[in-house]
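Trainee: Could you take one part of this model and walk me through it slowly? I'd like to see how a single piece sits among its surroundings.

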Amino acid sequence: MSHQCKAILIHCMDFRLIEQTRNWMKENGYLGDCDVVSLAGASKELVDGGHQTRELILKQINTACSLHSASEVILLHHSDCGAYKASYNFENVDEETAKQTEDMDRAEEIIKERFKDIKVKKVWAKMLDEHGEKVGFEIL
Ligand SMILES: [Zn+2]
């Protein structure tokens, strides 16, 4: 028996976002129909990590595609991300948003170089309070 799901979600491991991410997945029909990869900074290290890290992330996508027939990658990044703050000194949230958006665009290119027919959905989660109780999700 084969098990199929429609997508693989790559999101940040940050515990503050987990509940709202789960809600977003449920509202958008992904909960229970999506493989999930949790990494600090989501797809950040696909862009600026070393070769082995990049290959590890691409391997997860390959597994989702070959084992579960996933046809879509969702990259979910968020504001106030500790992984980004550890690498950059942003002056404000707009600067952080711009950098992460640029990285998501680059991550999409890297993924599509390897997986020609895959769809990539980029989602920006703006934290509206520091605890993650209110999060605004926006598909880019
Ligand atoms: Zn984060």
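Mentor: Let's take strand 1 and work outwards from there. Keep in mind that this is a predicted model.

Start with the sheet. Five strands make it up, in the order 2-1-3-4-5, and the sheet is open with mixed pairing. Its edges are strand 2 (34-38) and strand 5 (135-139), each of which pairs on one side only. From one strand to the next, the twist averages 20°.

Now zoom in on strand 1, residues 7-11. In the sheet order, it sits between strand 2 and strand 3. On one flank, five bridges tie strand 1 to strand 2, and the two run parallel. If you want a register point there, Ile-8 has Asp-35 as its bridge partner in strand 2. On the other flank, strand 1 and strand 3 (residues 72-78) also run parallel, again joined by five bridges. Two register points help here: Ala-7 stands opposite Glu-72, and Ile-10 has Leu-75 as its bridge partner.

What about burial? Five of the five residues of strand 1 are buried, so the strand is largely enclosed by the rest of the structure. In a regular strand, side chains alternate between the two faces of the sheet. Here Ala-7, Leu-9 and His-11 point one way, Ile-8 and Ile-10 point the other way, and all of them are buried.

Next, follow the chain out of the strand. Strand 1, helix 1 (residues 18-27) and strand 2 together make a right-handed β-α-β unit. In helix 1, the buried residues are Thr-21, Trp-24 and Met-25. Looking down the helix axis, the buried residues fall within an arc of 100°, so they line one face of the helix. That spacing is easy to follow, because an α-helix has 3.6 residues a turn and residues three or four places apart point the same way. On the other side of helix 1, Glu-19, Lys-26 and Glu-27 are exposed. And what covers the buried residues? The cover includes strand 1 itself, along with strand 2, strand 3 and strand 5. After helix 1 comes Gly-29, with a positive phi near 75°.

Back to the sheet, on the strand 3 side. Strand 3 is mostly covered too, with six of its seven residues buried. Beyond its pairing with strand 1, strand 3 pairs with strand 4 in the parallel sense, over seven bridges. A handy marker on that seam is His-78, which stands opposite Ala-125 in strand 4.

Lying across strand 3 and strand 4 (119-127) is helix 5 (residues 93-114), which runs at about 160° to strand 4. One residue to click on in helix 5 is Asp-103. Asp-103 counts as buried, because it has 22 C-beta neighbours inside 10 Å, where the cut-off is 20 or more. Leaving aside neighbours within four places in sequence, Asp-103 is in contact with Ser-43, Lys-44 and Val-47. Asp-48 is another one to look at: Asp-103 and Asp-48 are 55 residues apart in sequence, yet their C-alpha atoms are 8.7 Å apart in space.

So, to put the piece back in its place: strand 1 has strand 2 bridged along one side and strand 3 along the other, and helix 1 belongs with strand 1 and strand 2 in the β-α-β unit.

How values were computed:
Residues are numbered from 1 along each chain as its sequence is written. This is a predicted model: local features need pLDDT of at least 70, side-chain atom pairs count only at pLDDT 80 or more; totals for chains, interfaces and linings use all residues. Two strands pair if DSSP finds at least two bridges between them. Helices (H or I, at least four residues) and strands (E, at least two) are DSSP runs, numbered from the N terminus. Axes are lines fitted to C-alpha atoms, for helices over the stretch in contact, and angles run from 0 to 180 degrees between N-to-C directions. Two residues are in contact if their C-beta atoms, placed from the backbone, lie within 7 Å. A residue is buried if 20 or more other C-beta atoms lie within 10 Å of its own, exposed if 12 or fewer, and partly exposed in between; C-beta atoms are placed from the backbone. A crossover is right-handed if, with the strands pointing away from the viewer, the path from the first strand over the helix to the second runs clockwise. The arc is that of the directions from the helix axis to the C-beta atoms.
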